[in-house]
Amino acid sequence: MRIIETRVNQAIEYTPEQEAYINPYYGCTAGCPFCYWLSFGGWENKIEVRQNIPQVLEETLRNGLKPDRLFIGSYCDPYMEGIEDVYGITRECLEIIRSHDLPLTVVSSIRNRLILRDVPLLKKMRGLRVVAELCRPDQIALLKKGVPSTNIEVANELSAAGIEVWATLAPYLPGITNPDMILRNLDGRIPLYMDPLDIQKGTIQEERMIRFIASDYPELAQCYESCMYDSRPAFEEMMAEYKENNRIKCFPIPQ
Ligand code: SF4
């Protein structure tokens, strides 16, 4: 993975739904085969460190642009090991967001314990939510072996510290993700938002999913020949099983 130090002209970007977000880094080390961002050329195999994003963010907010809520992390994980612990740009951005008293949602796959470093600061932030993305292949593999996964442990520690945490299983991988096991291990205060797998033919995600299933779950190869492209029936069947469970919810997560 190459690390490149860059500079930006703009700190805040917007989704088509007009949600405001910042990415202190460009790129991600999690390697999810279904990742949406794989479709963007040049996104993979490198991490851009946006060294001046805290200064640009400060200037933007000082000039009066105040979104109702800011998200940190979409095409990066703001707490990547070997990156945030070295550069600390997420931490700097949090301090600025805190000083402007903006409601914040932190989106992270929390595959390491780095976010816990920031708990005292996070607890001071207005309207803070942490969205913990639990559908990460390395973490699911740990759970399957009966080993507690870091992301669930960290989500639980955040919740125990009084931070509002929402978890996601996006996408739900038929035969691989086990909501029961996750609910058993996850703090009872944390809701779990689910989304079906949606892989299109001829895409890089299709190629990666085929490779992932062949190497890690060869026993599911036949199932994934069809369910990869149309996982709705398996998803709906699973949701029906949990219809009495008010912790299991469907995407989208509320803003
Ligand atoms: S954690 Fe998110 S951004 Fe990173 S590879 Fe996985 S899906 Fe993509």
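## Exercises on a predicted model

Leu-134 is placed in the loop between β8 (129-133) and α5. The model in which this loop is seen is a predicted one, and the exercises below begin from this residue.

### Exercise 1: Leu-134 and its surroundings

Determine whether Leu-134 is buried or exposed, and find which residues it is in contact with once neighbours within four places in sequence are left aside.

Solution. Begin with the relative accessible area of Leu-134, which is 3%. Buried means under 20%, and Leu-134 therefore counts as buried. Next, leave aside the neighbours within four places in sequence, and the contacts of Leu-134 are Ile-140, Asn-151, Ile-152, Ala-167, Thr-168, Leu-169, Ile-182, Leu-186 and Leu-192. Finally, take one of these partners, Ile-182, which is 48 residues away along the chain, while its C-alpha atom and that of Leu-134 are separated by 8.9 Å.

### Exercise 2: The buried side of α5

Find which residues of helix α5 are buried, and what they pack against.

Solution. In α5, which covers residues 137-144, the buried residues are Pro-137, Gln-139, Ile-140 and Leu-143. The arc that they cover around the axis is only 160°, and they therefore lie on the same side of α5. As a general point, an α-helix has 3.6 residues a turn, so residues three or four places apart point the same way. The buried residues of α5 pack against α6 (150-160), α7 and α8 (204-216). To complete the picture, look at what follows α5, namely Gly-146, whose phi is positive and near 85°.

### Exercise 3: The two faces of α10

Work out which residues of α10 are buried, and which exposed residues are on the face turned away from the buried side.

Solution. Within α10 (residues 232-241), the buried residues are Phe-235, Met-238 and Met-239. Because they cover an arc of only 100° around the axis, they are on the same side of α10. The face turned away from that buried side carries Glu-237 and Glu-241, which are exposed. The last step is to ask what covers the buried residues of α10, and the cover includes β9 (164-172), α7 (179-185), β10 (192-196) and β11 (248-250).

### Exercise 4: The buried side of α1

List the buried residues of α1, and name elements that cover them.

Solution. Helix α1 runs over residues 53-62, and its buried residues are Ile-53, Pro-54, Val-56, Leu-57, Thr-60 and Leu-61. They cover an arc of only 160° around the axis, which means that they are on the same side of α1. Their cover includes β3, β5, β6 (70-72) and α3. After α1 comes Gly-64, with a positive phi near 105°.

### Exercise 5: The ligand and its shell

Say where the ligand sits, which residues surround the ligand, and how the shell divides by residue character.

Solution. The site to look for is the largest pocket, where the ligand sits. Around the ligand are Cys-28, Ala-30, Gly-31, Cys-32, Cys-35, Trp-37, Trp-43 and Arg-136. Sorted by character, the residues of this shell divide into six nonpolar, one polar and one charged.

### Exercise 6: Backbone details

Locate two cis peptide bonds that precede proline, and two residues other than glycine with a positive phi.

Solution. Take the peptide bonds first. The bond from Ala-170 to Pro-171 is cis, with omega near 5°, and Pro-171 belongs to strand β9. The bond from Phe-251 to Pro-252 is also cis, with omega near 0°, and Pro-252 is in the segment after β11.

Turn next to phi. For Asn-45 the value is near 65°, and this residue lies in the loop between β4 (25-26) and β5 (46-50), where it is exposed at a relative accessible area of 53%. For Asp-101 the value is near 55°, and the residue is in the loop between α3 (89-99) and β7, partly exposed at 37% relative accessible area.

### Exercise 7: Two further loop residues

Decide for Asp-118 and for Gln-18 whether each is buried or exposed.

Solution. Asp-118 is in the loop between β7 (104-108) and α4 (119-122), and with a relative accessible area of 0% it is buried. Apart from neighbours within four places in sequence, Asp-118 is in contact with Tyr-79, Arg-91 and Leu-94. Gln-18 is in the loop between β2 (13-14) and β3 (20-22), and at 57% relative accessibility it counts as exposed.

Definitions and conventions. Residues are numbered from 1 along each chain as its sequence is written. This is a predicted model: local features need pLDDT of at least 70, side-chain atom pairs count only at pLDDT 80 or more; totals for chains, interfaces and linings use all residues. Side-chain values use heavy atoms; hydrogens and water are left out. Buried means under 20% relative accessible area, exposed over 50%, partly exposed in between (1.4 Å probe, protein chains only). Helices (H or I, at least four residues) and strands (E, at least two) are DSSP runs, numbered from the N terminus. The arc is that of the directions from the helix axis to the C-beta atoms. Contact means heavy atoms within 4.5 Å. A residue is near a molecule or strand if one of its heavy atoms lies within 4 Å of it. On a 1 Å grid over the protein atoms alone, a cavity is a set of points where a 1.4 Å probe fits but cannot get out, and a pocket is an open set with protein on both sides within 12 Å along at least five of seven lines; lining residues have an atom within 4 Å of a point. A molecule sits in a cavity or pocket if more than half of its atoms lie within 2 Å of its grid points. Ala, Val, Leu, Ile, Met, Phe, Trp, Tyr, Cys and Pro count as nonpolar, Asp, Glu, Lys and Arg as charged, and the others, Gly among them, as polar.
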